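The following exercises invite the reader to work through one structure step by step. Each task is followed by a worked solution.

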Amino acid sequence: MANYMTAEEAVRLINSGDSIYIQGSTSIPEVLCDALAARGSELKDVIVYSGFGVGRRDAPYATPELKDSFKPVSLFIANSVRKAINRGEAQFIPSFLGEVPALFRDGTLPLDATFLNVSRPNAEGYCSYGVSADLAVSAVECSKKIIAQVNPHMPFSYGDALIHISKIDACVEVDEPLVELPTTIPNEKEQRIGQLIAEEIPDGATLQIGVGGIPNAVLAALHDHKNLGLHTEALTDGVVPLIKEGIIDNSRKAVCPGKTVAALALGSKRLYEYMDYNEDVIVRDVAWTNYPFRIAQNPKVMAINSAIEIDLTGQICADSIGARMFSGVGGQHDFMYGGSLSEGGKTFIAMTATTHKGESKIKSLLTPGAGVVTTRSQAQFIVTEYGKAYLRGKDLAQRAKALIGIAAPEFREQLEREACERFGYSFLRIK
């Protein structure tokens, strides 16, 4: 029997000193979060874990007034807790997203409760986590109490993200549309980058692709391809037309052939409706989707990721702006490593050559405090609107030369001088 109650009654199950995981992606259970925050004066030292998520607003429990009641701890910095982290009132645990479930499962991060946002139960009584299996699967496994919003707007997805309604300790009926992310229309620079990457993608490839203008530009440039597969962390709107046109048919994949595989989804209502009761889409635990050796089983893996900046040796920063934490490693390492091990695989770091302020993203040295997400030993293709630099097998001086060649022209002379100082004659002798 389902145990239905109000949100206020449900959060009474939380005690001071408890640890809670809050489901992420575009399915943050905000009704439960509001009810929890409303109990702030009664609670102390409640740890609130969250992963990748897109909130409508700042998390209500992550405010200066509640800093003694709740300690927000991020496993991938979401927009809803970013300000609190940068104020020093919340914390971040660096980790590969694919390895976070192990932190729950081995007791490194013990959990008392998980807050979910789930679909209505199907005929057999199972609810789906819909757009967010990622960390939720392991969190539910390891929690003593499960508290869930039961939401008609949540798609019913197949895979790991299912729970029988009888296993939920507190069910709260809500009617809350999921957050929708507008599809980013690629600008001219991003379109150029998309075309450069698409040229490298062979028919029969398995794609891992992220979110934003450049990934959308890559997808838009793939309409003449055939027999593509999708094994990715985040499922977005941009893949739906390619699936419907039969360009992505998953026919050549070794892992779950015929199925689109992801750990989470974020996009528009169109994407959520496409996923609903669609047996061709499998949403799974991020420890499963992001396991590099599983990724590598697929042929011709094309791992396409982004960066905040890169230095002349190929060190890639993607999680911080200098010392200021911005996001997290996510699945970049998992797919860059898995892609490099795949037969015929290629890995790409794609970015515009300059920031929106006009500063070069290709630098002699990383900004002090910047984190290295992908090491210089793992870098393969670096792509900007000015071209492709292939770093695999190149020495440091050769890498510098290749990267300067795809930097914005107004920065190349300065980067040449800095490379000469750093690498000396071995740089000067490169034709």
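**Exercise 1. Identify the residues that ring pairs link into a cluster, then describe one stacked pair.**

Solution. Ring pairs join Tyr 21, Tyr 49 and Phe 104 into a cluster. Rings of Phe, Tyr and Trp (its six-membered ring) are paired if their centres lie within 6.5 Å; planes under 30 degrees apart count as stacked, over 60 as edge-to-face and the rest as tilted. The model is predicted, so local features need pLDDT of at least 70 and side-chain atom pairs count only at pLDDT 80 or more, while totals for chains, interfaces and linings use all residues. Residues are numbered from 1 along each chain as its sequence is written, and side-chain values use heavy atoms, with hydrogens and water left out.

Step 1. Searching the whole structure gives eleven aromatic pairs. One of these is formed by Phe 348 and Phe 381, which are stacked at 5.0 Å centre to centre with 20 degrees between the planes.

Step 2. The two rings belong to distant parts of the chain: Phe 348 is in strand β22 and Phe 381 is in strand β24, 33 residues apart. Helices (H or I, at least four residues) and strands (E, at least two) are DSSP runs, numbered from the N terminus.

Step 3. Phe 348 is buried, its relative accessible area being 0%, and Phe 381 is buried at 10%. Buried means under 20% relative accessible area, exposed over 50%, and partly exposed in between (1.4 Å probe, protein chains only).

**Exercise 2. Determine in which order six strands form an open sheet, and which strands are its edges.**

Solution. Step 1. The order of the open sheet is β12-β11-β17-β22-β24-β25, and its pairing is mixed. Two strands pair if DSSP finds at least two bridges between them.

Step 2. The edge strands, each pairing on one side only, are β12 (229-230) and β25 (387-390).

Step 3. Strand β24 (residues 381-384) pairs with β25 in the antiparallel sense over four bridges. In this pairing, Val 383 stands opposite Lys 388 in β25.

**Exercise 3. Describe the strand pairings of β2 and the crossover that leads to this strand.**

Solution. Step 1. The pairing of β1 with β2 is parallel and has four bridges. Here Ile 22 stands opposite Ser 50 in β2.

Step 2. From β1 the chain passes through α2 to β2, a β-α-β crossover that is right-handed. A crossover has this hand if, with the strands pointing away from the viewer, the path from the first strand over the helix to the second runs clockwise.

Step 3. β2 also pairs with β3 in the parallel sense, over five bridges. Val 48 stands opposite Pro 72 in β3.

Step 4. Four of the five residues of β2 are buried, so the strand is mostly covered.

**Exercise 4. Count the salt bridges and locate three of them.**

Solution. Step 1. A salt bridge is a side-chain nitrogen of Lys or Arg within 4 Å of a carboxyl oxygen of Asp or Glu. The count by this rule is 20 salt bridges.

Step 2. Arg 12 and Glu 42 form one, with their closest N and O atoms 2.9 Å apart. Arg 12 is in the loop between α1 (7-10) and β1 (19-22), and Glu 42 is in the loop between α2 (30-38) and β2 (46-50), 30 residues apart. Glu 42 is partly exposed at 40% relative accessibility.

Step 3. Arg 57 and Glu 30 form another, at 3.9 Å from N to O. This pair joins the loop between β2 and β3 (70-74), where Arg 57 lies, to helix α2, which holds Glu 30, across 27 residues. Arg 57 is partly exposed at 36%, whereas Glu 30 is buried at 6%.

Step 4. Lys 346 forms a salt bridge with Glu 200, with the closest N and O atoms 3.1 Å apart. Lys 346 lies in strand β22 (residues 346-350) and Glu 200 in the loop between α6 (188-198) and β11 (206-209), so the pair ties together parts 146 residues apart in sequence. Lys 346 is partly exposed at 21% relative accessibility, and Glu 200 is buried at 19%.

Step 5. Through shared partners, salt bridges join Glu 30, Asp 34, Arg 56 and Arg 57 into one network.
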